[in-house]
Each structure stands twice: as structure tokens, then as C-alpha cells.
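Thank you all for making the time. I would like to walk you through one structure, going from the overall picture to the sheet and then to a few side chains, so please keep the view open while I talk.

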Amino acid sequence: MLELVRRQSQTGRRALRTTTATASGLYPAVGAPSSDPRGVIIGREIYSGKAYIYDPFILYDPSARERLPSGHALVLGKSGFGKSSLEKCYVLRQLRFRDRSFCVLDAQGEDGVGEWDSIARALGVTPIRLVYGGEDGEGVRLNPLDPRIPSQYQFKVLCSMVEIIGGPLSSKSEFSLSVAHAAAQVRAAAEERVAVLSDIHDALTNPEPAMLGRREVGVEDMVEWGQPASLAMDQLCSPTRDLAGLFNGPTTPGIDLDARLIVFDLTRLPREGEAMPLLMSVIGPWLRYAWIKPGDSVKRTLIVEEAWHILSHRPVARLFEEFVRYGRRLGLSFWAILHHLGDLMVDEAPEAAAILKLTATRVLYHMDKAEADVTADYLQLPDWAREALIDGASRCSPGRAVWQVGNRMHLVEHIRSATESELTNTNRKMTEASSGSQAPAAPLISMRKNAA
């Protein structure tokens, strides 16, 4: 018997030489290939257990294992499953790199402050708070005619603001607005000051004759053609209107756009109505020319909460599409945070569709089945990802998401330290006090100037 066993053990098969690609087909129960090992740790990849590392700027580099076509990201999913925690931890971890800068448009919060308020205070950053309804000295103002924005782009912003308030502009109204813009610039230069929206309003309601080619347009025609724009300017300039104080006047001094973390607190602005899309139409170009410095090596990330204010308004989407499309030249990563993709009329807004298609990273949290089907169809997700999005109790439970980075897809669990868990907790009012987290703490680096 022993001799028989010995003979069998001495019998061996010839070694099989194969590639890892072929072996993955023979043994499918293995984790997906990892991404580039450079960047910040997000958490762990569920099926392999390996650390999941991500950095859009590194993945855009030609030396990356799989180069991304852009650094832009789309984050989708129901409330309470980890979208806010992910973006906040990502910012905190990226700030450890010297050449990273962030701007956050914070549209959610409670008790009159945004969700990013605790992180801003912990880092020594004062949020820039915009207030709705008059100049009461509490908020700040952004001037669409700020000299840091090129004149030709100022006119695009003006057209977008008028369209948001009064609908699409006719060619005659657009001509009248362009004449008023030029007249406002001349008047402000003569008085050695910065042009403001009330200058546009004055030029529209009390115009001079203008030349349209070789034809002179009289005052009466200029008043008639400019009426839609002048009515919109009245809403923005009149002290009795709700929109007064947000845009009419010079930009509030003291806004530090050189800080590594800039937080615009938009929680005082109403979700519905015109204030939010108007602000988006101004803040995009304003950041494009006042925040981004040509020629420097800083990698910048713009995070927009409630990004449907951009994607659901064609005039705003038109401005942001140009901003996002040239992200490669600007060193910009744009993050759009949304709850539901199905709420957007993407097919009717080609600019919004273009912005979504420019995102090379999609982070998808739990969704209801109807929403998951819409998202999976639009993003062309495989069946396993569609099924995972519906499973909010296991595969896409809170903190877990499907990551689509380029052509690779992973199921990732976001892991937070004790410090990050405290700073990113947005459920305090709905949960009982806990005895403390067992996750290790991580130190914070203050963003205060001259901090030790």
C-alpha cells in the first residue's frame, strides 16, 4: 500500500504556464485588478480586501496604469448612505498634499450653517456666507462685472442671468444688453470705479441711440428691445426685491481666493426659485478667472453640492460646460453631487448631458430600483452593478458604493478615522449618542496662515 502511494505522489503533471488574464477566466472568484497605488486611500475593495486608492490627477498622468480621460467625478445616491462623508474625507486627505486646493459650494446644512462648517472651523477656515434678501451686512456679494472676469465673459454671464429670470433672449434684446454693457463700462471707467449691475440697469432704461451695422437704432427702439433685460435687472438691483444685495455692487472685500480650502455657504439661499441658479451662473466664471491662476502647479477641485442647480438650467449649464470642458488646461477636477439622475431632463439639455459625459469617475451609492434602472441605463452599467445599487442592506449598505473609474468598476467600502467620523457626521439629530468609535484618530492640519 505504501508503495502504491509513493508511486502516485511521484506522478506529476507538466506545469501549465499561463497569463494572469487567462487565469482570471479560469478562476473567476478573485477580486478585480487594483487601480494605481498612488493617491489617497478611500477604503477597501470589498471582493479583494485590498486598499482602494484614488486620485484623479495621478490617474490622468500618462504613467498611470489606466489613464483617465478627465479628472471630473459624478457622485449619486440616496441621502444617508455616505456621499457627504466621502467628499469631506477626500478633501481632508488630499489637503496633506502641498499642491492641492479646494472650493466647495455647500448647499446643505442645518441651524443656519452648512454641512462643511465644522470642517472649516476645525481647519481655521471662515466660510463665505451668501445671504438672500437685501444688504443687511451679514453676507457677502459677488459682482458679475468684477474686473477679474474678462469683459466678453461678463456679457455671457449677464445673458445667462437675464434668461434665468425672464426666459430666452431675442436677438434684439441681446443687442440692447450688449450696448448697455459697453455703456456701463465706459461710465464706470470715467468715474474711476468698478462697473456694477445698476449701471447696466440705468443704460437699459435710459439708453442712447446705437448703431446696428450702418443703421441707427433710435432711443424708443432701444428701450423696447431692452425691456426684458431691464425688467430682469430691476429684480437684481431694486432694494425692495428679494435678490437685492447678492450681485449689485462691488465684490465684498476680504474674500481670500488664495486659501487652500474655500467654502461658499449657500444654505441661506432658497432651494427653489431663481437665487441659486443665478448664483451658480455668476460663481462659475468668477472662480474660473479669480480662483484659478494660469501657470501655477496647483491642482484644484471644485465640489458642487446639489449640482442639479447647474444641470437643470440651460443658461447655467452652458457656462459650466465651458468651464468643465477645459478642466485639463486649468488643472481642475469638477465634482457634481446629486441625489437623483432621473430628475434631470438630460435629453432636453445638451449642455448638461455634455457635463455628465465628461465625468470619468462615477461613485454610485444605494438607489431605489426605478432610479437605479435609469442610472444604469444612462451610464451603461453591467448587471452586477445594477443589482448592487438596489441592495441597500448589504452590497451598497451605508458607506459602500460602486466606483466606475474609467473602464474599471469596483465595489468599495469607505473607511473613516474617529476624527473624520466626528467631523462628517450629519445624522446627530436623528441618532442616539454613541459611546465612541473604535476607529483610529487622525490629526488635522490647520489651514490658518502662519499656523504652527
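Counting the secondary structure along the chain gives 18 helices and 15 strands, and I should say at once that what you see is a predicted model. The chain has 452 residues, and buried residues make up 50% of them. The accessible surface comes to about 22,300 Å², and 51% of that surface belongs to carbon and sulfur atoms. If we take the contacts in the chain with a separation of 6 or more, residues 24 or more positions apart account for 72% of them.

Let me turn to the sheet. It is an open sheet of eleven strands with mixed pairing, and if you follow it across, the order reads β2-β1-β15-β14-β13-β3-β12-β11-β4-β10-β7. Which strands stand at the edges? They are β2, residues 51–54, and β7, residues 128–129, and because each has a single partner strand, one side of each is left without a neighbour in the sheet. Packed on this sheet is helix α4, residues 83–94, which touches a long list of strands, among them β1, β2, β3, β4 and β15, and the direction of the helix makes about 135° with that of β1.

As a general reminder, strands of a sheet pair through backbone hydrogen bonds, and they do so either parallel or antiparallel. Both senses can be found here, and I will take the parallel example to begin with: β3, residues 72–76, pairs with β12, residues 332–337, in the parallel sense over three bridges, and within these strands Val75 stands opposite Ile337 of β12.

For the antiparallel sense, please look at β15, a strand that is mostly covered, with five of its seven residues buried. On one hand β15 is joined to β1 by three bridges, the two strands running antiparallel, and there Gly43 stands opposite His414 in β15. On the other hand β15 is joined to β14 by six bridges, again with the strands running antiparallel, and here Val405 has Arg408 of β15 as its bridge partner. The hairpin made by β14 and β15 has two residues between the strands, and in it Gly406 takes a positive phi near 65°.

Now to the aromatic side chains, where the count comes to nine aromatic pairs. One of these pairs is Tyr90 with Phe102, which is edge-to-face, at 6.2 Å centre to centre and with 90° between the planes. Tyr90 lies in helix α4 and Phe102 in strand β4, so this pair ties together parts that are twelve residues apart in sequence. Tyr90 and Phe102 are both buried.

How do the rings of Phe320 and Phe334 lie relative to each other? Their centres are 6.1 Å apart and their planes stand at 50°, and therefore the pair is tilted. Since Phe320 belongs to helix α13, residues 314–325, and Phe334 to strand β12, the pair ties together parts that are 14 residues apart in sequence. Phe320 counts as buried, because its relative accessibility is 1%, and Phe334 likewise counts as buried at 1%.

There is also an aromatic cluster, formed by Tyr52, Tyr54, Tyr90, Phe102, Trp335 and Trp403, so the buried pair of Tyr90 and Phe102 that I described a moment ago returns here within a wider group.Two arginines are placed over rings as well. Arg67 lies over the face of Tyr60, at 4.4 Å from the ring centre, while the charged end of Arg300 sits over the ring of Trp291, 6.0 Å from its centre.

I will finish with two further residues. His201 is found in helix α8, residues 197–205, and because its relative accessibility is 17%, His201 counts as buried. Setting aside residues up to four places away in sequence, His201 touches Ser230, Met233, Asp234 and Cys237.

Is Glu306, in the loop between β11 and α12, buried or exposed? With a relative accessibility of 6%, Glu306 counts as buried. Leaving aside neighbours within four places in sequence, Glu306 is in contact with Ala107, Gln108, Arg271, Ile337 and His339, and Ile337 is the residue of β12 that we met opposite Val75.

Methods. Residues numbered from 1 in each chain as written. Predicted model: local features only at pLDDT ≥ 70, side-chain atom pairs only at ≥ 80, totals over all residues. Heavy atoms only, no water. Pairing = 2+ DSSP bridges. Helix = DSSP H or I, 4+ residues; strand = E, 2+ residues; numbered from the N terminus. Contact = heavy atoms within 4.5 Å. Axes fitted to C-alpha atoms, helices over the stretch in contact; angles between N-to-C directions. Phe/Tyr/Trp six-rings, centres within 6.5 Å; stacked < 30°, edge-to-face > 60°. Buried < 20%, exposed > 50% of the residue type's maximum accessible area, 1.4 Å probe, protein only. Lys NZ or Arg CZ within 6 Å of the ring centre and 35° of its normal. Areas by Shrake-Rupley, 256 points an atom, 1.4 Å probe, with all protein chains shown as cover.
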